[in-house]
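Work through the exercises below with the model open beside you. Try each task before reading its solution.

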Amino acid sequence: MAGVKFYIDLCKGCRLCTTACPKGIVAIDAETLNSKGFHPATVRREDMGKCIGCAFCATICPDCAIEVER
Amino acid sequence: MKTVFKKPHALTDTPFHYCPGCTHGIIHRLVAEALDELGLEGDAIGVAPVGCAYNNYEYFNCDVQQAAHGRAPAVATGIKRVHPGKIVFTYQGDGDLAAIGTAEIVHAAARGERITTVFVNNAIYGMTSGQMAPTTLLGQVTSTSPTGRKPELHGYPINICEMLATLDAPVYIERVASNSVKNINSAKRAIKKAFEIQRAGLGYTIVEVLSTCPTNWGMSPIESMKWLEENMIKRYPLGVFRDRTAEAKASAAAGAGVGAGNGAGAEAGAAGGASAAAVAGNGAGAEAARAGQEARNG
Amino acid sequence: MAERLLMKGNEVIAEAAIRAGCRHYFGYPITPQTEIAHYMAKKMPEIGGTFIQAESEVAAINMVYGAAGAGARAMTSSSSPGISLKQEGLSYMACAELPAVIVNIMRCGPGLGGIMAAQADYFQAVKGGGHGDYHLVVLAPNSVQELYELTVEAFNIADRYRVVAMILGDGMLGQMMEAVQFKDSEDIRKCDKGWATTGTGLERPHNVITSIDTVPERLEAVNNRLQARYRDIAANETRVEAINCEGADIIITAFGTVSRIIKNVIADAEKEGVRVGLIRPITLWPFPSQAIRDYSAGAKAVLSVELNAGQMVEDVMIALAGAKPVYFLGRTGGMAPTQLEIVGKIKDILGRAS
């Protein structure tokens, strides 16, 4: 089992992580606004099972907003 | 489950001020990861540029000196000569390094200073809002090339790695990019290798990292990554332009004297900092004065 | 007792720096000070020190910035045009509170000017040639012996107050040879440099050397700290020499090499029944304003004699605030005033004054 953790308030909504995820489960949470007024990226709870912990999203994140477990 | 990816220790907890999608944040992380993995954070002394990364001392946990625009390689030279055993690196943008600081980077490299340069090339001046840089591509629109860069008006882009590769002293010169997971991972390997070469005292190392500037390019972060791939890499091909690690190790191992063995070339300049065990006391001064007189008479 | 040696001014500066514990020198060739670099090029490698002939004076001052920020005693030297190139670096060092010594062996200007002695960089040195509110401590020797003593003292002042101290000499001083009496050992007053970038060793928070703060309140606090330090320096480090001022008819203010001409003027004028006093600022910054007021109290007038078109005279006038008429005699282009010329000027002034 693998998983990712998003530090919502570090995210600037740049969307780069959404292009890197090989499983296509990283997406922008349009219902949420973080403290900077951005829609942060996230992985929906129901999609977390598909995460393989490859850390592609974290690698391309410019703000160290993503932690990965495996 | 184990954490396999998190913010490296060598980065502080201060969130980056960079624009959304700016690759400075990625490159800062790569430098910090390299310091962590090599156990060098405690020995590292960084030199910050003038540009978007002017205050990278708020992000790196190691000691940092902020340098005047373009002068980071000279500041780093001063630091390294005082602390030859420490890991000294400059982190510079293309305005800082390829425009006002061209003399400093060329001569620090030519002297074979045992420092590492992380050169962030995004083909534009970011901090001052989008002016043309020496690395701006032909045809690229900026606030000071409003109808696109034209050779007859603005001259041609400068390929720093290729230029420095004409010098004897540099041991390792590589250009990488920060616009994809694959490229980011190879960028990290390059930065880590540069630090390893410095730790071994072998000579000058530089890694040029092609980067994006979504705000001043006027594109989204995702479009910027694509633009880099399709335009910058054509002008600035990725790859290793110099790797004399083996030769440098060999001549260092052959005990070619402190300061010698700066890469290939028989007459490798004795450019490295002598192990500056400062001679205490003033005995040295007195007979130096006499010697001074003889020298002058000589 | 250490030896007494006949040595060239420029070489004595380099020897003094080494004796003061300077182990990092960054220079660049420019007449009339290059012997400093020659001496360092020979000596530093012998004692495990650093000598770099930088690619430019701009690079050299920034190497000093790095070395000083790393906690070392570091020095650079140049002559007028080169010192102009270093002004940005000096402003950065002032704000980053970095101690160092810089030597200006002045040549005549402006522009490429000439290689003869001059004193036309006074304003640049004392008013701050770079941007922003800052000062260098400016020491003006008038002999090769003083080049030695003041260079050693410059390092102590720089370290104590975390400022850049400047030795302001001129081409004559740098090129002339005089006897120098060295001490057996130097009075090196080391200071704690816990602020330096030496590598955290993971045992302390990181040190940052910087001169920028985009938060106005904080940058003003930095400026206030610098200004308070400058007041402290003015209170403790002002140096001046006064000769024959008691009952003087006229006081001459002169610094550096020119002050030696004035000593002869005093003798000449005495023969003609005119008592001339000399006030010689040794620190040009902090300027000895009080001494000028005190020693000129009894005189009819003050005459400033300089190798420029009138610079220190302005500070003399500020110091006196109208209390005395102030006159000026200067030569430029590498020319120097003769004793005859100065005595003539004195008679002209006193003639008008009586």
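The exercises that follow go from whole chains to single residues. The model is predicted, so local features need pLDDT of at least 70 and side-chain atom pairs count only at pLDDT 80 or more, while totals for chains, interfaces and linings use all residues. Residues are numbered from 1 along each chain as its sequence is written, chains are lettered from A and ligands numbered from 1 in the order in which they are written, and side-chain values use heavy atoms, with hydrogens and water left out.

**Exercise 1. Describe the fold and size of chain A.**

Step 1: List the elements. Helices (H or I, at least four residues) and strands (E, at least two) are DSSP runs, numbered from the N terminus. Chain A has two helices and four strands, and from the N terminus on their order is β-α-β-β-α-β.

Step 2: Check the size. The radius of gyration, taken over C-alpha atoms, is compared with the globule rule, 2.2 Å times the number of residues to the power 0.38. Chain A has a radius of gyration of 11 Å, close to the 11 Å that the rule gives for 70 residues, so chain A is as compact as a globular protein of that length. Its C-alpha atoms fill a box of roughly 30 × 25 × 20 Å along the principal axes.

Step 3: Look at burial. Buried means under 20% relative accessible area, exposed over 50%, and partly exposed in between (1.4 Å probe, protein chains only). Of the 70 residues in chain A, 50% are buried.

**Exercise 2. Find the residues of chain A that have a positive phi although they are not glycines, and place two of them.**

Step 1: Take A:A55, with a phi of about 70°. A:A55 sits in the loop between strand 3 (41-43) and helix 2 (56-60), and at 9% relative accessibility it is buried.

Step 2: Take A:C64, with a phi of about 50°. A:C64 belongs to the loop between helix 2 and strand 4 (66-69), and its relative accessibility of 10% makes it buried too.

**Exercise 3. Examine helix 9 of chain B.**

Step 1: Place the helix in its chain. Chain B has eleven helices and eight strands, and 58% of its 298 residues are buried.

Step 2: Compare the length. The expected span is 1.5 Å times one less than the number of residues. Helix 9 (residues 221-235) has 15 residues and reaches 20 Å from its first C-alpha to its last, close to the expected 21 Å.

Step 3: Look for a bend, the angle between axes fitted to the seven residues ending at a residue and the seven starting there. Helix 9 of chain B bends by about 35° at B:L228.

Step 4: Find the buried residues. They include B:S224, B:W227, B:L228 and B:M232. An α-helix has 3.6 residues a turn, so residues three or four places apart point the same way.

**Exercise 4. Search for disulfides.**

Step 1: Apply the cut-off, a pair of cysteine sulfur atoms within 2.5 Å. The whole structure has zero disulfides over all chains.

Step 2: Check B:C52. The nearest cysteine sulfur, that of B:C213, is 6.2 Å away. B:C52 is partly exposed, with a relative accessible area of 22%.

**Exercise 5. Locate two cis peptide bonds in chain C.**

Step 1: The bond from C:T31 to C:P32 is cis, with omega near 10°. C:P32 is in the loop between strand 2 (24-27) and helix 2 (34-46).

Step 2: The bond joining C:G109 and C:P110 is cis, with omega about -5°. C:P110 is in the loop between strand 5 (100-106) and helix 6 (122-128).
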